[in-house]
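Reader: I would like to go through this structure with you. Could we begin with the terms you use for contacts between chains?

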Amino acid sequence: MTSGSEQSERERSNKDVPKIRLRGLTKRFGDKVVLDGIDLDVMPGTSMVVIGGSGSGKSVLLKCILGLIAPDEGTIEIDGTNVLALDRARRETIRAQIGMLFQNGALFDSLPVWENVAFGLLARRLASRADAKARAETVLAQVGLAPSVGELWPAELSGGMQKRVGLARAIAARPEVLFFDEPTTGLDPIMGAVIDGLIVDCVKTLGSTAIAITHDMLSARRIGDRAAMLFKGRIVWQGAASELMESGNAMVDQFTHGRREGPIQMELRK
Amino acid sequence: MSAFLDFVASLGRFLIGACLGTGRLTLFAVEGLSHIFRPPFYGRQFLRAMLEIGYLSLPVVALTAVFTGMVLALQSSTGLSRFAADSAVASLVVLSVTRELGPVLAGLMVAGRAGAAMAAEIGTMRVTDQVDALTTLSTNPMKYLVAPRLLAGLVALPLLVMVADILGVLGGFIIGVVKLGFNPGIYLSNTLDFLRTDDVVSGLAKAGVFGFLIALMGCYHGYNSKGGAQGVGAATTSAVVAASVLILAFDYVLTELFFAR
């Protein structure tokens, strides 16, 4: 039997342990160092936004945490466990706690929308097809889509609807961790705001920990509690997302205000 | 001297590349095959692949078989008549179709149709992150995409070749009776008298191997495609070319294995 004070003590200490902790994460492709010793903590129930220019290593960072790419050095801890040291089966178990919204939706063309949304439940045999379909309709409603959308094919959806369906698929299994890869890219400003709102609602409702990568500053401030900037494979700044526009860091200021002049020089071929 | 060294270096690079490619392909095939026997099994994916490879390839394979049987009867008749051996037309048609032309031509047709479709579909899934999405949804892409297709290739092509054998003989029969004036009963009797079980079985065994190779090439090239639409196009071409060449090469190897004395 544990006393109430012990339990609350444990809950407090769990809150102090980052949900995701990266230490010295390094990834090279040939001679090119894409991630160069990344250290990053994401606390439980918070949203971290990673900003940075194209080719700065944001997507590789997410893919490393997801286990899609093996890093060359460093550790990735989820709930205090170094996932890189786990066997395949335990890594699968941890991966099942993660939902991901891909930049282009990455919906399965050969399946109707409802099967896309319920794919994780069906793949892990967590529900019968009838139950999975009912769950898919509930989650579609959560992202503002009618049940009839479930019968459509991904190719019949607009870009905004595909993003919503991708979000529905990411949250269908109620994951503890959510990743968002450029959630508003290619959307008009209103749809971008709608998607951001849905992301914030979903993260709050599920109590999930989230990492989003984006170079949409409005979206970064709407989604994120914390923000970090990646430049040439390194974290050059971390702080509250609300401080992004007045960070006091020359690189962040140049990036967030979209200035041509500054410490970040575009590498142009001559 | 430096030109010679350059030549040796490029030859070495080619050989190392070929060894690496063969090793990667072998590992891919072994992993794909191992997933056929390990749960979870994706029955729907298997049935879908059977539909793609088998049922939807049926018209093109059927037409190819009928015309091949017809041409064989015509050609062998003109050739054999020089040796007054016209009566051998029926047996020549049935042996050629069951042992050789049925499996090879069906294999080449399926490689062009289903192999290309497989490479294009998996390749598109790769470049649009759908393969990564499978992984994030706790689904092994090798198990979900590759294993069902390998099994379907292995099963569907022998079934197609059975149909092709019958239709090829039928094509020869039609020409033999209608154009060459054979008595239908005698033609059929000549066909069946010279046909042995191992002629058919060897053709079906070849078909199983060819089906596996077609699916393997489609999956391998699609799975490893990169670089957008151009990459998917290149993967599709590579899948069809590699499958066609392998079918012809393995046809020789298997014929040597089955019939060489």
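Author: A polar contact is a pair of N or O atoms within 3.5 Å; within protein, one of the two must be able to donate a hydrogen and the other to accept it, and residues adjacent in sequence count only if both atoms are side-chain atoms. Please keep in mind that this is a predicted model.

Reader: Understood. How many residue pairs are in polar contact between chain B and chain A?

Author: There are 4 such residue pairs between chain B and chain A, with both residues at pLDDT 80 or more.

Reader: Which elements of chain B give two or more residues to the side that touches chain A?

Author: They are helix H2 (43-53), helix H4 (89-127) and helix H5 (130-136) of chain B. The largest share, 6 residues, comes from H5(B). By type, the residues on that side of chain B divide into 8 nonpolar, 7 polar and 6 charged.

Reader: How many residues of each chain are in contact, and what area is buried between chain B and chain A?

Author: In contact are 21 residues of chain B and 24 residues of chain A. The area buried between the two chains is about 1,800 Å², and carbon and sulfur atoms give 54% of that area. On the side of chain B, the residues that lose the most area to chain A are B:Thr136, B:Leu137 and B:Ser138, together 31% of what that side buries.

Reader: And how many salt bridges does the rule find across this interface?

Author: The rule finds 1 salt bridge between chain B and chain A. The side chains of A:Lys63 and B:Asp132 meet there, at 3.5 Å from N to O.

Reader: How many salt bridges are there over all chains?

Author: The count over all chains is 21. One of these pairs is A:Glu73 with A:Arg28, whose side chains meet at 3.0 Å, N to O. This pair links distant parts of the chain: A:Glu73 is in strand S4 (residues 73-78) of chain A and A:Arg28 is in strand S1 (residues 20-29) of chain A, 45 residues apart.

Reader: Let us turn to the sheet of 6 strands in chain A. What is its strand order?

Author: The order is S6-S7-S8-S3-S9-S10 in chain A; the sheet is open and its pairing is mixed. Strand S6 (98-101) and strand S10 (234-240) of chain A each have a single partner strand, so one side of each is left without a neighbour in the sheet. On average, neighbouring strands are turned by 15° against each other, direction ignored.

Reader: How many bridges join S3 to S9 in chain A, and are the strands parallel or antiparallel?

Author: Strand S3 (residues 47-51) and strand S9 (residues 226-231) of chain A run parallel and are joined by 4 bridges. A:Val49 stands opposite A:Ala227, which belongs to S9(A).

Reader: Which strands does helix H7 of chain A lie across?

Author: Helix H7 (residues 159-171) of chain A lies across S6 and strand S7 (177-181) of chain A, and runs at about 175° to S6(A).

Reader: Back to chain B, then. What is its secondary structure?

Author: Chain B has 9 helices and 0 strands. Its C-alpha trace spans about 65 × 60 × 35 Å along the principal axes.

Reader: Where is B:Met50 found, and what does it touch?

Author: B:Met50 is in helix H2 of chain B. Leaving aside residues up to four places away in sequence, B:Met50 touches B:Tyr55, B:Ala152, B:Val155, B:Ala156 and B:Leu159. B:Met50 and B:Arg149 are 99 residues apart in sequence, yet their C-alpha atoms are 7.8 Å apart in space.

Key: Residues are numbered from 1 along each chain as its sequence is written. Chains are lettered from A and ligands numbered from 1 in the order in which they are written. This is a predicted model: local features need pLDDT of at least 70, side-chain atom pairs count only at pLDDT 80 or more; totals for chains, interfaces and linings use all residues. Side-chain values use heavy atoms; hydrogens and water are left out. Contact means heavy atoms within 4.5 Å. Buried area is the accessible area (1.4 Å probe) that two parts lose on being put together, summed over both. A salt bridge is a side-chain nitrogen of Lys or Arg within 4 Å of a carboxyl oxygen of Asp or Glu. Ala, Val, Leu, Ile, Met, Phe, Trp, Tyr, Cys and Pro count as nonpolar, Asp, Glu, Lys and Arg as charged, and the others, Gly among them, as polar. Two strands pair if DSSP finds at least two bridges between them. Axes are lines fitted to C-alpha atoms, for helices over the stretch in contact, and angles run from 0 to 180 degrees between N-to-C directions.
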